[in-house]
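Visitor: Please take me through one part of this predicted model in close detail. I would like the enclosed space, what lines it, and then the helices and open spaces around it.

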Amino acid sequence: LDKGMIIDRENMSDKEMDAITSSLSNGIDYYTYSSFRDSYALSINSMQSMTYIITAAMIIILCIALSNLNVIAFYNRINEIKILKCIGYSSNYLSLRLLVENLTVCIAAFVTGIFSTEIIVMLLNKFLMIPSGKYLDIISISGIVSAALLPLLVSCISMIPCIRRTYKIQ
């Protein structure tokens, strides 16, 4: 709204509205409150949709990176797994051990990320946001619970090729 005017039309007749709009100069646009509210809500919804799309893309990229790191860590330990298999450990035991180690690392990274994010948000609020009259509140229990499913799912799914490979080792 570079040049405009918002008019509350609630208690105004069409004749009064026409009188006001005809008295405006040509360069001024007029909006009723409801039309302005609707266009504002539309732009906010589109920004929120873009936020969800960007967040989903970041999550997918991070999941792919985590999956690749899990596979690389497995292949770095392939000789250790072969030795353990030769001295009598079963494929079931080795697969369970790999899965537990992987889940432990992912959960530790998740918890560390939650705490570091909380500290960063607290510092941003204290030194930057609150002095300028704003406040960041991005961490909630429901968000943490729903986000906790992601590392668990990625850990389990990324270990499938590793566990299959463990069973193939002679």
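Guide: Arg77, Glu80, Ile81, Leu84, Leu94, Arg97, Leu98 and Glu101 line the largest cavity. Its volume is about 50 Å³. A search of the whole structure turns up one cavity of 30 Å³ or more. Two elements give two or more residues each to this lining: helix H3 (78-86) and H4. H4 gives the most, with four residues. By class, the lining of the largest cavity has four nonpolar and four charged residues, and no polar ones.

Some of these residues lead on to an open space. Arg77, Leu98 and Glu101 line the largest cavity, and Arg77, Leu98 and Glu101 also appear in the lining of the second largest pocket. That pocket has a volume of about 180 Å³. Its lining also includes Leu66, Leu69, Asn70, Ala73 and Phe74, along with Asn102, Val105 and Met159. H2 and H4 each supply at least two residues here. H2 gives the most, with five residues. The classes in the lining of the second largest pocket are seven nonpolar, two polar and two charged.

Asn102 takes us to the next contact. Asn102 lines the second largest pocket, and on H4 it also belongs to the contact with H5. The axes of H4 and H5 come within 9 Å and cross at roughly 150°. Because angles over 145 degrees count as roughly antiparallel, H4 is roughly antiparallel to H5. The crossing of H4 and H5 is right-handed. From H4, the contact uses Leu99, Asn102, Leu103, Cys106, Ile107, Phe110 and Ile114. From H5 come Ile144, Ala147, Ala148, Pro151, Leu152, Ser155, Cys156 and Ser158. The residues of this H4 contact with H5 divide into twelve nonpolar and three polar, with no charged residue.

H5 also meets H2. The axes of H2 and H5 come within 9 Å and cross at roughly 40°. H2 and H5 are therefore oblique to each other. The crossing of H2 and H5 is right-handed. On the H2 side the contact has Ile59, Cys63, Leu66, Ser67, Asn70 and Val71. They meet Leu150, Val154, Ser155 and Ser158 in H5. Six residues of the contact of H2 with H5 are nonpolar, four are polar and none is charged. Two of the H2 residues here, Leu66 and Asn70, are also in the lining of the second largest pocket. On H5, Ser155 and Ser158 meet H2, and Ser155 and Ser158 take part in the contact with H4 as well.

That leaves the largest pocket. Its volume is about 850 Å³. It is lined by 23 residues, and those closest to its centre are Ile59, Leu62, Phe110, Ala147 and Leu150. Helix H2 (33-76), helix H4 (91-129) and helix H5 (141-158) are the elements that give two or more residues to this lining. The lining of the largest pocket holds 17 nonpolar residues, six polar and no charged. Its central residues return to the helix contacts. Phe110 and Ala147 belong to the contact of H4 and H5. Ile59 and Leu150 belong to the contact of H2 with H5.

Key
Residues numbered from 1 in each chain as written. Predicted model: local features only at pLDDT ≥ 70, side-chain atom pairs only at ≥ 80, totals over all residues. Heavy atoms only, no water. 1 Å grid on protein atoms, 1.4 Å probe; cavity = no way out; pocket = protein on both sides within 12 Å on 5 of 7 lines; lining within 4 Å. Points joined across faces, edges and corners; volume = space filled by probe spheres on them. Nonpolar A, V, L, I, M, F, W, Y, C, P; charged D, E, K, R; others polar. Axes fitted to C-alpha atoms, helices over the stretch in contact; angles between N-to-C directions. Parallel < 35°, antiparallel > 145°, perpendicular 65-115°, else oblique. Left-handed = near helix turned anticlockwise from the far one by under 90°. Contact = heavy atoms within 4.5 Å.
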